[in-house]
Amino acid sequence: MLRALLALLLILNALFFSWTRGWLDGVVGVKATGDREPHRLAAQQTPERIELLSAQAAKSLQQRACVELGPLEGDAALLAAQNVLAGAGVPASEWQALHNEQAGIWAVTTTRFASKDLQTRKEEVLKKAKISYEPLSGVPAEMPALLLSRHASEKAAALQMERLSQRTIKALQVLQLQAPLKRHSLVFAQADGARRAQLRSLKSPALAAGFKNCNAAALAAVTAASAASATAPAPPTSGGR
């Protein structure tokens, strides 16, 4: 009998020790540490960091204004900016993407000069024909050469080269100096004060263009797009009997 009592005491002591260590919290349903949870205490807001906003400050946060991000050069830049905004929790429904295409630049130039003497003779010919020119730059593979004119399309450049050929100006070519480029901007037409503050606080190379107040053109484009969307006829619905 005494041995059984001693064994029972040892078992009870072992269970109590295990409970005080927290090993049985999930079994008995009573935590050894009670309701003292350091992680809850750490998550509490410190009162010294809480500020009450004045009525004027609260009103300014509610005021809405139009801000835009851009220009974003190319589709990859647009996608990168959208990903950063989505990652920051900014709903896609709050912005609208505007797009425009910047025309490329084509030029009529001379072919590359094999020597300085050939360049000097070509310059003399151009001066006598009263054709303006400048040294070609930015295209190392085609230099040294002379740039005679710039154009917004390859067709226009080719036409100008044909005109010059008819004036006996030979050894010319059409070069693309800049490819057409898509430019984008993201417009937040109705951003409240809190959203504007959040946007301007975001730090990412994808947002390097910066957020600024919308210009008149962006605001007009967004307004027109919104009006068109509001007046667009609803898609037909099919009904059955």
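**Exercise 1.** Which residues form one aromatic cluster? Describe the contact between Phe188 and Phe211 and the burial of both residues.

*Solution.* The model is a predicted one.

Step 1. The aromatic cluster is made up of Trp95, Phe188 and Phe211. The structure holds 2 aromatic pairs. One of them joins Phe188 and Phe211, with 6.0 Å centre to centre and 65° between the planes. Planes over 60 degrees apart count as edge-to-face, and this pair is edge-to-face.

Step 2. Place the two rings in the chain. Phe188 belongs to strand S7 (residues 181–191) and Phe211 to strand S8 (residues 211–213). The two residues are 23 residues apart, and the pair links distant parts of the chain.

Step 3. Apply the burial cut-off, which is under 20% relative accessible area. Phe188 counts as buried because its relative accessibility is 1%. Phe211, at 13%, therefore counts as buried too.

**Exercise 2.** In what order do the strands of the sheet holding S7 and S8 run, and which strands stand at the edges?

*Solution.*

Step 1. The order is S2-S7-S1-S8, an open sheet of 4 strands with antiparallel pairing.

Step 2. Strand S2 (96–102) and S8 each have a single partner strand, so they stand at the edges and one side of each lacks a neighbour in the sheet. On average, neighbouring strands here are turned by 30° against each other, direction ignored.

Step 3. S8 pairs with strand S1 (residues 65–73) in the antiparallel sense, over 3 bridges. Opposite Phe211 of S8 stands Leu69.

Step 4. Helix H5 (residues 75–87) packs on this sheet and touches S1, S2, S7 and S8. The direction of H5 makes about 30° with that of S7.

**Exercise 3.** Which strands form the edges of the open sheet S4-S5-S3-S6, and which helices lie across its strands?

*Solution.*

Step 1. The 4 strands of this sheet are paired antiparallel. Strand S4 (134–135) and strand S6 (172–178) are the edges, because each has a single partner strand.

Step 2. S4 is joined to strand S5 (residues 146–151) by 2 bridges. Leu146 in S5 is the bridge partner of Pro135.

Step 3. Helix H6 (residues 116–128) lies across strand S3 (105–110) and S5, at about 50° to S5. Helix H7 (residues 154–166) lies across S3, S5 and S6, running at about 155° to S6.

**Exercise 4.** Which residues of helix H8 (residues 193–201) are buried, and which residue caps its N-terminal end?

*Solution.*

Step 1. Gly193, Arg195, Arg196 and Leu199 are the buried residues of H8. They cover an arc of only 160° around the axis, so they lie on the same side of H8.

Step 2. The cap is Asp192, with a side-chain oxygen 3.3 Å from the backbone nitrogen of Ala194.

Notes: Residues are numbered from 1 along each chain as its sequence is written. This is a predicted model: local features need pLDDT of at least 70, side-chain atom pairs count only at pLDDT 80 or more; totals for chains, interfaces and linings use all residues. Side-chain values use heavy atoms; hydrogens and water are left out. Rings of Phe, Tyr and Trp (its six-membered ring) pair if their centres lie within 6.5 Å; planes under 30 degrees apart count as stacked, over 60 as edge-to-face and the rest as tilted. Buried means under 20% relative accessible area, exposed over 50%, partly exposed in between (1.4 Å probe, protein chains only). The arc is that of the directions from the helix axis to the C-beta atoms. A polar contact is a pair of N or O atoms within 3.5 Å; within protein, one must be able to donate a hydrogen and the other to accept it, and residues adjacent in sequence count only if both atoms are side-chain atoms. Two strands pair if DSSP finds at least two bridges between them. Contact means heavy atoms within 4.5 Å. Axes are lines fitted to C-alpha atoms, for helices over the stretch in contact, and angles run from 0 to 180 degrees between N-to-C directions.
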